[in-house]
Amino acid sequence: MNTEAATIEKIIARVKEYNPSVDHERIMRAYNLCVEAHGEQLRNSGEPYFIHPLEVSYILADMELDADTVIVGLLHDVIEDTPYGYEKLKNEFGEQVAYLVEGVTKLDKIKSTSREEAQVENLRKMILAMAKDIRVILVKLADRLHNMRTMKFMSEEKQREKSHETLEVYAPLAHRLGISTIKGELEDLSIKYLDSVGYYEIVEGLKQKKGEREEYVTLIKDTLGHKLEDMKINAHISGRAKHIYSIYRKMYSQGKTLDEIYDLFAVRIIVDSVAECYSALGMVHELYKPIPGRFKDYIAMPKPNMYQSLHTTLIGPTGQPFEVQIRTWEMHKVAEQGVAAHWKYKEGISGETNQDEKLAWVRQLLEVQSEATDSEDFMKSLKIDLFADEVFVFTPRGDVVSLPLGATPIDFAFYIHTAVGYKMVGAKANSRIVPLDYNLKNGDIVEIITTSQVKGPSRDWLNIVKTAQARSKINAWFKKENREVNIERGREAVEREIKKLNLNPHDLLKNEYIEPMIRRYGFNTLEDAYSAVGYGGITAVKIAVRLREYASADLDIVIEDKIPTTHEQKKSSKPSNGIEVEGVDNCLVRLSKCCNPVPGDEIIGFITRGRGVSVHRASCLNVREDKLDEESRARRIRCMWAEGVTQRYHGEMQIECADRKGILADIASVVSENQINIVSAVSHAPKVKVAIITLQVEITSREQMNNLIKKLYRVPGIFDIRS
C-alpha cells in the first residue's frame, strides 16, 4: 500500500489507471464537499480533518475499487460529524453513495456497558453490513488503517484500546476477506502499540541482519531466475522479510529468540499460468531440499478467502530455511486485494455473481449471530469460525470443504446439510470408520453414514463440535424438541444455582430482575431462558449470577468478598477501611468486589439493610443512578477516602498476553520489584497462543496500581491489562 501523502489529484490519477472512463468531476465534487463540510475541524495531530477522508479514499483507490466506494471514502464522516445529511448526499451523488456512507456511520454508533459488549455489537453490525454490501466493510478497513497509521497522536490508553480491537476484529476480517496488504499492516501497527518492546526488538534485529539477508535472497533469486530462463518461463521473482507480527507470534508462541527463527523471509515467484506454477515448483524442489510436511497446495485447494498459491519451505544453500510462494498474476492480485480484486460493481454487474458465492460464509455468520444469546459465546464461536486456521477435507465426490482446525465429522455433516447432521449415525475418513470426535486432517476423504429416519443429534455433540454452525443447528433441534421438558429442566437448574448462592429463588425471580436478564441474553420470555438452559444453549450459572446482579441493590446482596479479618480487627477511631461516610460515624463499611475500588478511585456508598455501607466505584453499574429505581437511588450516600490512609487493599487486574513459557514468572518479577504482594494468580487460555491471567495484588492506592500496570506493559508478550 502506498503511504505517501494523498491528494485529490493522486486519487483521480490512480482511479483512471484502472477505470479510464471514470467521471472524475464527480470525485472532485465529493472532495469539495468533504473540505467544505469538515471546515475548521482538526485531527489530534493538528492537521485539517479532511486529510483523513482523503487518505481513506486513496487507500480505496489503491485497492482499485469502483468510483462510488472511492467517493464514500471522501464522505464517510460527513453524516456523523457535519450538518450534511443523508438526503443531501443522495441528491448530490445518488442513493448508493448515501446508503454506503450511512452504513459506515452506523457501525460507529454503539451503546454498550463494556468494551467487550461494544466489540461484539460492532462485529454483529459488521456482519449485517457485509451481507448487504461488502463495500461498507472495505471502507471501514481503510478508515481503521489510516487511523492506525496516525495513532501516535492519540493517548496511550486509546492507542492500546484501538490496537487491541484492531488485532481482535479488523485484521482477522481483512484476512477473511483476503486483503493481505491491509491485514499485514494492521497487525504490525497493532503490535507496535501493544508491545513496543517486542516490536522494536524485532525491527532492530532485522535491521542488523538486513545486509546478510539481502545477499542471501539475491543469491537465491539469481539462481531461480537463471533456471526459469532456461525453462523459457517468464517470471517475476521478489524476496521480502516476513511481517513483524508473524515473526512476533512465532517468537512468543514458541519461546524463541529472533536468532532462533530461521525462515524470516519468503521468495515469491509470479508466472503467467497454472501449468507454469507446477513446473516452477518441480524446478525449485530439484534445486533445494524441501522440508517434509511444509508444502501447501492452495491452488488445488483454495482458502475460503479465495487465496491461491503454492507454498513450500526449503533448505537454502547455507543450510538456512526459506519459503517459496509460487502463483500467477491473477492469483497475486487476489492475494493482495481479496474480494476487491474482482469487484462486481466495477463493471456495474447486477444479480447473483461468482462473488456472491465466495461470500456465502457471511450468511453463515448471520445465522450464528442470530442464535447467539451471550456476547462471550458469540465472540468465542466467531473467532473459531472466522479467524481460526483451516483444515481442508474432501467429500466422496471430490469437492473441497474448508473447516476450522480441530473440526470433527459432525461439523462436516452439518456443513453439508442440516438434514445430514440430523440423520447422522457414524462417519468414515479415508474409507475407515472413525469416532465422532475424530479431528479431521488435511486431505481426509470424509463420508457421513446416515439412517433413513431422522435420528436427531445427541446432547454430547455440543461438547464435540467446533463450528458455531453445527452448534446452532444442534441447539435448534433441542430447542424445538421436548420444549416442555427443557423448560422444567432449566427451571430446576436455575433455582438450584440460585440456592447455591445462598439466595431464595422467590426473591430473585421477579419481573424487575427477569426483564433486564432476558433482554441481556436475547430471550423473549423467562420460559425461553429456561428452555435454553434445558437444551444447553446457556448455563444456569449465567442466568443465576445475572439475576443476582440485577437484584443486588434492592435485596442487599453482598457480591463482594468479605474484607480480610486483619482489616476488620483494626478497631480504632480511624474511619472503617479508610473511608469516611458523609454524616455517619462508626458504621460497618464493605468494599465491593464487583468493581474493586481502591484509594484514588471516585467512590459512592450504598446503604444496605443490616450490612452497613457497601462502597463501589462511582462508575459501577450496580449503583449508577440511571440504573436504579427511585427507592434505591435514595440509598446512595456520599463517601470519600480518608486522608493519610496507609491500609492495603486488594486490587485485581486481568492481563491478556502471549501464552509463552515463563511469562507468569516475568510478571511476578515485575510485581516483586515494585514491593507489591501477590494475593492470587489464576491463568487460563481461552484461545490458541493467548492466555488470560487474573492477578490480585495488595496495594495502597490507585496510583500505585497504575504505576504497576505501566511497568507490566514492558513485559514482552503482554497485549492488554484491565483493572
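# Reading the labels on a predicted model

Author: Let's start with a sheet. In this predicted model, four strands form an open sheet with mixed pairing, in the order β13-β15-β14-β16. Its edge strands are β13 (589–591) and β16 (636–637).

Reader: What makes β13 and β16 edge strands?

Author: Each of these two pairs on one side only.

Reader: How do you know that β14 and β15 count as a pair?

Author: Pairing takes at least two bridges. Strand β14 (residues 603–607) and strand β15 (residues 613–617) are joined by five bridges, so they count as paired, and they run antiparallel. For one spot to look at, find Phe-606, which stands opposite Ser-614 in β15.

Reader: What is the strand order in the open sheet of three strands?

Author: The order there is β10-β9-β11, and the pairing is antiparallel. Its edges are β10 (432–434) and β11 (446–450). From one strand to the next, the twist averages 40 degrees.

Reader: Why do β9 and β10 count as paired?

Author: Because at least two bridges are needed, and strand β9 (residues 424–429) has three bridges with β10, in the antiparallel sense. Ala-429 is opposite Arg-432 in β10.

Reader: Why is strand β6 called mostly covered?

Author: Look at residues 321–328: eight of the eight residues in β6 are buried. Pro-321, Glu-323, Gln-325 and Arg-327 point one way, while Phe-322, Val-324, Ile-326 and Thr-328 point the other way. Buried means under 20% relative accessible area, so every one of those residues falls below that cut-off.

Reader: Which strands pair with β6, and in what sense?

Author: Strand β2 (residues 265–271) runs parallel to β6, joined by six bridges, with Arg-268 opposite Gln-325. Strand β5 (residues 310–315) also has six bridges to β6, but in the antiparallel sense. There, Ile-315 has Pro-321 as its bridge partner. β5 and β6 form a hairpin with five residues between them, and Gly-319 in the turn has a positive phi of about 90 degrees.

Reader: What makes the phi of Asn-502 worth a look?

Author: Most residues other than glycine have a negative phi. Asn-502 has a positive one, near 60 degrees. You'll find Asn-502 in the loop between α23 (483–500) and α24 (505–508). Gln-675 also has a positive phi, near 55 degrees, and lies in the loop between α30 (663–673) and β19 (677–687).

Reader: Why are Asn-502 and Gln-675 called exposed?

Author: Exposed means over 50% relative accessible area. Asn-502 has 71%, so Asn-502 is exposed. Gln-675 is at 65%, so Gln-675 counts as exposed too.

Reader: And why is Cys-277 called buried?

Author: Its relative accessibility is 0%, and the cut-off is under 20%, so Cys-277 is buried. Cys-657 is at 0% as well, so Cys-657 also counts as buried.

Reader: How many disulfides does the structure hold?

Author: Zero. A disulfide would need a pair of cysteine sulfur atoms within 2.5 Å, so no pair here meets that cut-off.

Reader: What makes the crossing of α9 and α11 left-handed?

Author: Helix α9 (residues 135–149) and helix α11 (residues 180–194) have axes that come within 10 Å and cross at roughly 35 degrees. The near helix is turned anticlockwise from the far one by less than a right angle, so the crossing is left-handed. The contact includes Leu-141 and Leu-145 of α9 and Leu-186 and Leu-189 of α11. By class, the contact has seven nonpolar, one polar and three charged residues.

Notes: Residues numbered from 1 in each chain as written. Predicted model: local features only at pLDDT ≥ 70, side-chain atom pairs only at ≥ 80, totals over all residues. Heavy atoms only, no water. Axes fitted to C-alpha atoms, helices over the stretch in contact; angles between N-to-C directions. Contact = heavy atoms within 4.5 Å. Nonpolar A, V, L, I, M, F, W, Y, C, P; charged D, E, K, R; others polar. Buried < 20%, exposed > 50% of the residue type's maximum accessible area, 1.4 Å probe, protein only.
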